[in-house]
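Me: Could you take me slowly through a single part of this structure, the place where the ligand sits? I am in my first year, so please explain the terms as you go.

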Amino acid sequence: MTPKATTSLQQFINLLPTNDQKDSGLAQDVAQGLSQFPKKLSSKFFYDARGSQLFQQIMELPEYYLTELEHEILDKQRKEILFAFGTQEPFQLVDLGAGDALKTKLLIKELVSQQTDFNFVPLDISPRQVEHLLEELQATYPTLKVTGLAAEYVQGLQWLNEQSPARKLLLFLGSNIGNFAPGEAQQFLCELRRKLSPQDRVLVGVDLRKDPEKIRRAYDDAAGVTSAFNLNLLHRINQELSADFALEQFQHFAEYDPVEGAMRSFLISKQPQEVHVQALQQTFSFEAWEAIHTENSYKYSLRQIHEMAAACQYEVEDYFTDTTHGFADILLKPLP
Ligand SMILES: C[S@@+](CC[C@H](N)C(=O)[O-])C[C@H]1O[C@@H](n2cnc3c(N)ncnc32)[C@H](O)[C@@H]1O
């Protein structure tokens, strides 16, 4: 195959605004989130180039058990998962928030070895991640059909539906669903349902409830990588919105609420201070020890997942857990 023909099997589509950084939604999120009480910022803005790199490091930390558990599921049960979906007809494997697709690559390897006809669609809000993944896949699987999508979840899915009616297996791995508050998670699953047909399936990776100490340590590691990841959000605001956050005047704090199953991360202002955001022409005041809520990572029971699925017109068709029952990949079937 000539290099030209090889390249044509891959395409990169960027649906995100690229020219004006303020259009990314960051400016609006900062303006709203830092004007309210309690202050908050959306975790979707963690993933600039540096944030994505730091997240790769988090996934390798001994405390961050999530990747290892889900990796075990997709490694040991990949054949069963693909069999449950049914891969005889051509389909699209859509990875929502693909990141480095570490675990998805286990499915890709299996599908390639079975000579399955499929198109891989990694979708991520971080264009750099998608481009990087495309390069890597090109080198490993030069004949794999890949459409890299830099987009927000629903926006990307909408675009895909407009392009092709092909059957889809949506992956929503890595406990991404946990970043939504429970009401938002249900809303999101319902919104996906409206964009799917009964032949499609969704595989959702869910971090299950477990020893609260183990959960807390996963978000407050000894080496301080999660702290750097959290603080990088302020660095991003400094870079993209010309703000003057002094990073050393904020500290990372993480707590787990075992009643709600809520792992929450914050950035705490260590002293009274004012921060000016030039792009917004706004100054925000912080009291000593005031918190900015930056991330939710909700943990679920299987009962909660069944309830949420039923509320959005899905049936739990199957589910796959690791040997410790700490993590589950749930296969959802849209009901007609
Ligand atoms: C926790 S990582 C998980 C990555 C991968 N799925 C895994 O299981 O290892 C979350 C990924 O979702 C992406 N992401 C976060 N919010 C997003 C959004 N609203 N739309 C699209 N991608 C998003 C991030 O850039 C990041 O790569």
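Reply: A polar contact, as the term is used here, is a pair of N or O atoms within 3.5 Å. With that cut-off in hand we can turn to the ligand, keeping in mind that this is a predicted model.

An oxygen atom of the ligand lies 2.5 Å from an N or O atom in the side chain of D124, and this pair is a polar contact because its distance falls within 3.5 Å. A second such pair involves K103, where a polar atom of the side chain is 2.7 Å from an oxygen atom of the ligand. With Y153 the protein's partner is a polar atom of the backbone, and it lies 3.2 Å from a nitrogen atom of the ligand. Taken by itself, the ligand would expose 590 Å², and the protein buries 94% of that area.

If we now widen the view to the whole shell, there are 16 residues around the ligand, and those that come nearest are G97, K103, D124, I125 and G174. Two of these names, K103 and D124, we have already met through their side chains. Sorted by kind, the shell has eight nonpolar residues, four polar ones and four charged ones.

It also helps to see what the surrounding chain looks like. The UniProt record, an unreviewed entry, places the feature "domain: Histidine-specific methyltransferase SAM-dependent" at residues 27-333. Over that stretch the chain is 39% helix and 27% strand, while the C-alpha atoms at its two ends are 37 Å apart.

One helix within those residues, α9, covers residues 182-194 and lets us check a simple expectation: at 1.5 Å a residue, its 13 residues should span 18 Å, and the C-alpha atoms at its ends are 19 Å apart, which agrees. The residues of α9 that are buried are A185, F188, L189, C190, L192 and R193.

Another helix, α4, runs over residues 65-76 and contains T67. This threonine counts as buried because its relative accessibility is 6%, and buried means under 20%. Although T67 and L331 are 264 residues apart along the chain, their C-alpha atoms are separated by 18 Å.

Finally, strand β1, at residues 10-14, includes Q10. With a relative accessible area of 18%, Q10 is buried as well, and its side chain reaches the backbone oxygen of L134 at 2.9 Å.

Conventions: Residues numbered from 1 in each chain as written. Predicted model: local features only at pLDDT ≥ 70, side-chain atom pairs only at ≥ 80, totals over all residues. Heavy atoms only, no water. Near = heavy atom within 4 Å. Polar contact = N/O pair within 3.5 Å; in protein donor to acceptor, adjacent residues only side chain to side chain. Areas by Shrake-Rupley, 256 points an atom, 1.4 Å probe, with all protein chains shown as cover. Nonpolar A, V, L, I, M, F, W, Y, C, P; charged D, E, K, R; others polar. UniProt positions renumbered as here; feature names shortened; annotations may be inferred. Helix = DSSP H or I, 4+ residues; strand = E, 2+ residues; numbered from the N terminus. Expected span 1.5 Å × (residues − 1). Buried < 20%, exposed > 50% of the residue type's maximum accessible area, 1.4 Å probe, protein only.
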